[in-house]
Amino acid sequence: MKMRNNNRKIPPLNNIYLATTAATIFTLAIIFPSATITPVSASITGNDTTTPSSGLELSAQPVWVEHAAITGVTPINETHSSVTYSGNGTLTLPNTTQTVNTTSNGSALVSIATESGQGKVTIRTQGGEEIATVTFYEIDRHPDITTGEGKGIVIAVINTNTTNGMLAPLNGMILVGTNEFQTSTGEGLLTLWEWKS
């Protein structure tokens with residue numbers, strides 16, 4: 001007669017979804033061609049004369065574009081995971097067309113319950129001599145079940161380790177952008193513009 005082991009733990013299906021969502025969110029980067037978003041200006045119209053709107057203004061070109069891939073997912077519980085990732089990208093310095101090649105490493109706390117994440121990325125210039133840190137928050141919509149493609153909206157602030165280096169003009173800049181990702185590969189493209197309003 002065989003005895004059944006009722007103490008055996010079966011991983012919940014949510015962990016699979018959590019890992020997929022984590023990959024999705026922080027494929028942070030993110031497949032988003034810069035041509036799909038253009039800077040816009042919004043304003044209030046009608047009879048409201050008490051609150052003028054300055055609108056939503058973004059820089060004419062993206063400040064940070066990065067291809068990234070998830071390097072690790074550690075489940076915390078049924079609704080949260082810790083995610084690590086790395087990537088390669090470019091920073092475009094303000095008021096110029098000069099780009100700087102970068103590499104990055106980051107980590108984030110991902111919530112499957114709210115389909116959101118928050119984290120920090122360390123960006124290094126190609127030679128490694130200058131560093132910038134990006135703190136971000138991202139909200140995603142549920143990935144397409146047939147293609148595994150997902151999209152998210154990102155807000156971030158960038159801080160640099162220099163007051164007179166090449167990256168100094170980026171210090172304190174608020175960034176807004178998009179993240180498109182592929183859940184099956186854990187890869188994506190992040191595109192962020194400066195929020196100028």
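# Strands, core and surface

Q: Which residue in β5 stands opposite valine 121?
A: Valine 134 in β5 stands opposite valine 121. Keep in mind that this is a predicted model.

Q: How many bridges join β4 to β5, and which way do they run?
A: There are 9 bridges between β4 and β5. The two strands run antiparallel.

Q: What sits between those two strands?
A: β4 and β5 make a hairpin, with 5 residues between the strands. Glycine 128 in that hairpin has a positive phi near 80°.

Q: Back to valine 121 in β4. Which residue stands opposite it on the β3 side?
A: That is glycine 106. β3 and β4 are joined by 10 bridges and run antiparallel.

Q: How many residues lie between β3 and β4 in their hairpin?
A: The hairpin has 4 residues between the strands. Look at glutamate 115 in the turn. Its phi is positive, about 45°, although glutamate 115 is not a glycine.

Q: Is glutamate 115 buried or exposed?
A: Glutamate 115 counts as buried, because its relative accessibility is 18% and the limit for buried is under 20%. It sits in the loop between β3 and β4.

Q: Which other turn residue has a positive phi although it is not a glycine?
A: Asparagine 95 does, with a phi of about 60°. Find it in the loop between β2 and β3.

Q: Buried or exposed, that asparagine 95?
A: Asparagine 95 counts as exposed, at 81% relative accessibility. The cut-off for exposed is over 50%.

Q: What joins β2 to β3?
A: The strands β2 and β3 run antiparallel, with 13 bridges joining them. They form a hairpin with 6 residues between them. One pairing to find is threonine 92 with its bridge partner in β3, threonine 99.

Q: New topic: the inside. How many residues are in the largest nonpolar core?
A: The largest nonpolar core has 24 residues. Trp64, Ile158 and Leu170 have the most contacts inside it.

Q: Which elements give two or more residues to this core?
A: Eight names to look for, and they are strands: β1 (64-75), β2 (80-92), β3 (99-111), β4 (116-125), β5 (131-141), β6 (149-160), β7 (173-182) and β8 (187-194).

Q: Why would nonpolar side chains gather like that?
A: In soluble globular proteins, nonpolar side chains tend to be buried together.

Q: What does tryptophan 64 contact, leaving aside its neighbours within four places in sequence?
A: Tryptophan 64 is in contact with Thr90, Leu91, Thr102, Val121, Ile123, Val134, Leu190, Thr191 and Leu192. You have met two of those names: Val121 and Val134 stand opposite each other.

Q: Now valine 157. Where is it found?
A: Valine 157 is in strand β6.

Q: Why is valine 157 called partly exposed?
A: Its relative accessible area is 28%. Partly exposed lies between the limits for buried, under 20%, and exposed, over 50%, so valine 157 fits that class.

Q: What does valine 157 contact, apart from its neighbours within four places in sequence?
A: Its contacts are Thr133, Val134, Thr135, Gly172, Met173 and Ile174. Now compare sequence and space for phenylalanine 136. Valine 157 and phenylalanine 136 are 21 residues apart in sequence, with their C-alpha atoms 6.6 Å apart.

Q: And alanine 168, where is that found?
A: Alanine 168 is in the loop between β6 and β7. It counts as buried, at 17% relative accessibility.

Q: Which residues does alanine 168 contact, leaving aside its neighbours within four places in sequence?
A: Those are Glu130, Thr160, Thr162 and Thr163. Leucine 93 is 75 residues from alanine 168 in sequence, and the C-alpha to C-alpha distance is 9.2 Å.

Q: Serine 111: buried or exposed?
A: Serine 111 counts as buried, with 8% relative accessibility. Its place is in strand β3. Leaving aside its neighbours within four places in sequence, serine 111 contacts Thr79, His80 and Ser116.

Q: Last topic: the surface. Which residues form a nonpolar patch there?
A: Tyr137, Ile139, Ile153 and Ile155 form one. Together they have about 370 Å² of accessible area.

Q: Which strands supply at least two residues each to the patch?
A: β5 and β6 do. Isoleucine 153, for one, lies in strand β6.

Notes:
Residues are numbered from 1 along each chain as its sequence is written. This is a predicted model: local features need pLDDT of at least 70, side-chain atom pairs count only at pLDDT 80 or more; totals for chains, interfaces and linings use all residues. Side-chain values use heavy atoms; hydrogens and water are left out. A nonpolar core is a set of buried Ala, Val, Leu, Ile, Met, Phe, Trp, Tyr and Cys residues joined through side-chain atoms within 4.5 Å. Buried means under 20% relative accessible area, exposed over 50%, partly exposed in between (1.4 Å probe, protein chains only). Contact means heavy atoms within 4.5 Å. Patches are made of residues with over 30% relative accessible area and no salt bridge: like charges are joined within 9 Å, nonpolar side chains (Val, Leu, Ile, Met, Phe, Trp, Tyr) within 5 Å. Accessible areas come from the Shrake-Rupley method with a 1.4 Å probe; for residues, only the protein chains shown count as cover. A salt bridge is a side-chain nitrogen of Lys or Arg within 4 Å of a carboxyl oxygen of Asp or Glu. Two strands pair if DSSP finds at least two bridges between them.
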